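Reader: I am in my first year and still learning how to read a structure. Could you take me slowly through a single part, and explain each term when you first use it?

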Amino acid sequence: MSIYKEFLLLKRDLGGVVTLFVMPLVLIIAVTLIQDSTFKTVTNAKIHILFVDNDKGKVSKTVYDNLEKSDIFSVVTKIDNEPLSEALAKEAVFKGKYQLAIIIPKNLSSDLQTKIDQNVQKMVSSLGLTDTLTKKGNSKIINQKEVKLYFDPAVQMNFKNAVMSSIDKMISQIETHSIYATFQEQLGEGSTSFEQKSFITFKEIVPKVNDKEIIPNSVQHNVPAWTLFAIFFIVIPLSINVVKEKTQGTFVRLRTNPVSNGIVLAGKTVMYLIICMIQFYMMVAVAIFLFPHLGLPALNVEGNLFLMSIVALFSGFAAIGFGILLGTIAKTQEQSAPFGATATIILAAIGGVWVPVFAMPKVMQIIAQSSPMNWGLNAFYDVLLRNATILDILPEISLLFLFFLITITFALLYDKKKRAV
């Protein structure tokens with residue numbers, strides 16, 4: 001009967017119930033579309049960069065060719081059919097019209113070759129081969145060259161680092177190639193071919209399920225994150241209902257019946273757990289069936305739905321415990337509603353729903369471990385991305401249930417103390 005009472009309360013507020021279900025669906029669709037679009041922009045669409053070649057030599061041509069061959073950049077050498085100069089490129093980038101400009105200095109190719117010749121001649125001389133193999137050294141002093149990079153002030157630091165690392169790698173490869181060629185020339189071994197292919201390569205190994213690689217995408221990250229956010233958002237209506245029962249005298253009438261407060265709270269827990277699970281299955285259904293029609297990857301829950309349901313269930317317990325505690329402590333709806341919304345947003349922020357925990361400062365990474373949303377999110381990721389078993393997610397779901405028990409216990413003790421007074 002306690003469960004039925006909660007059902008009647010929800011039935012009388014159909015607008016609020018619809019909001020509980022519609023809001024998360026709109027949220028997950030909008031956020032996933034935005035993030036997937038951003039992901040595609042970064043990985044598929046080419047970024048237009050300005051290229052000013054003051055060198056007109058071998059090095060600048062190699063850099064240009066490598067940039068053109070890349071899947072990331074599209075090289076621009078003219079603006080409005082006017083050849084680029086450093087001043088023009090700088091102005092265009094700083095006004096935000098382009099994200100990046102690369103300025104190759106004058107005489108880069110010739111000075112690089114001269115510097116390499118000098119270094120190689122010194123090395124050959126140190127081997128005692130000066131008289132027979134080396135040519136007369138060039139004593140010209142070569143100053144260090146700078147390849148200038150102009151970035152749009154709005155560009156993020158990780159993009160800057162990636163570009164600088166890529167260009168540095170290109171220049172290093174050119175220098176290595178030139179050094180090999182110069183050694184070959186100095187040693188007089190015209191037919192010798194140095195192996196210039198990279199000896200060390202990198203290969204990414206990703207987890208596999210049924211011989212299929214698990215490749216993370218925006219859907220696999222967003223569905224768990226915003227499902228948790230939606231589940232914890234029931235803190236607001238739940239705490240409001242608890243406060244409403246107190247202010248309207250309903251709770252006092254319930255206490256006059258031969259029923260413990262624990263039974264009343266159990267009725268709320270069961271009813272709102274049902275709502276949490278309906279939210280979860282609706283969001284999973286949208287991710288599986290609707291997302292492909294919106295141009296998004298479908299959520300692959302093959303073999304994982306049962307474990308995901310367990311994580312959602314225990315996340316619901318944690319959210320309900322927090323909502324009941326808040327409703328028990330709050331004296332008015334004006335207290336419970338804003339505090340519940342703010343607390344949910346804070347738990348989401350520090351829990352990794354918006355920003356990955358690994359990208360946070362060290363202090364925030366430690367604080368994030370205290371957020372129940374972080375426990376639930378890690379459990380979802382373990383199931384979806386790390387092929388975890390029930391034993392692997394046991395620590396996270398245990399913490400979620402412990403959070404529920406602690407909050408319910410505090411709510412019962414606080415209510416008992418208030419009634420005693």
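Author: The protein chain contains 16 helices and eight strands, where helices (H or I, at least four residues) and strands (E, at least two) are DSSP runs numbered from the N terminus. This is a predicted model, in which local features need pLDDT of at least 70 and side-chain atom pairs count only at pLDDT 80 or more, while totals for chains, interfaces and linings use all residues. Residues are numbered from 1 along each chain as its sequence is written, and side-chain values use heavy atoms, with hydrogens and water left out.

Of the 421 residues of the chain, 42% count as buried, a word that means under 20% relative accessible area, with exposed meaning over 50% and partly exposed lying in between (1.4 Å probe, protein chains only). Among contacts with a separation of 6 or more, 78% are made by residues 24 or more positions apart, and contact here means heavy atoms within 4.5 Å.

The part to look at closely is helix α12, residues 305-329. Its axis and that of helix α9 (residues 235-247) come within 8 Å and cross at roughly 35 degrees; such axes are lines fitted to C-alpha atoms, for helices over the stretch in contact, and the angles run from 0 to 180 degrees between N-to-C directions. The crossing of α9 with α12 is right-handed, meaning that the near helix is turned clockwise from the far one by less than a right angle, whereas anticlockwise would make it left-handed. On the α9 side the contact includes Val235, Leu238 and Val242, and on the α12 side it includes Ala319, Phe322 and Leu326. The residues of this contact divide into 10 nonpolar, four polar and one charged, where Ala, Val, Leu, Ile, Met, Phe, Trp, Tyr, Cys and Pro count as nonpolar, Asp, Glu, Lys and Arg as charged, and the others, Gly among them, as polar.

Helix α12 also gives the most residues, 13, to the largest nonpolar core, a nonpolar core being a set of buried Ala, Val, Leu, Ile, Met, Phe, Trp, Tyr and Cys residues joined through side-chain atoms within 4.5 Å. That core has 66 residues, of which Trp226, Phe291, Leu299 and Met308 touch the most other members. The elements giving two or more residues to this core include α8, α9 and α16 as well as α12.

Two aromatic residues within α12, Phe314 and Phe317, lie three residues apart, about one turn of the helix. They form a tilted aromatic pair, 5.9 Å centre to centre with 50 degrees between the planes; rings of Phe, Tyr and Trp (its six-membered ring) pair if their centres lie within 6.5 Å, and planes under 30 degrees apart count as stacked, over 60 as edge-to-face and the rest as tilted. Phe317 counts as buried because its relative accessibility is 16%. Ring pairs also link Phe314 and Phe317 with Phe401 and Phe404 into a cluster.

Phe404 belongs to helix α16 and is buried, with a relative accessible area of 9%. Leaving aside residues up to four places away in sequence, Phe404 touches Thr269, Phe317, Ala318 and Gly321. Although Phe404 and Gly316 are 88 residues apart in sequence, their C-alpha atoms are 9.0 Å apart in space. Another long step in sequence joins Phe229 and Ala319, which are 90 residues apart along the chain and 9.7 Å apart from C-alpha to C-alpha; Phe229 is found in helix α8.
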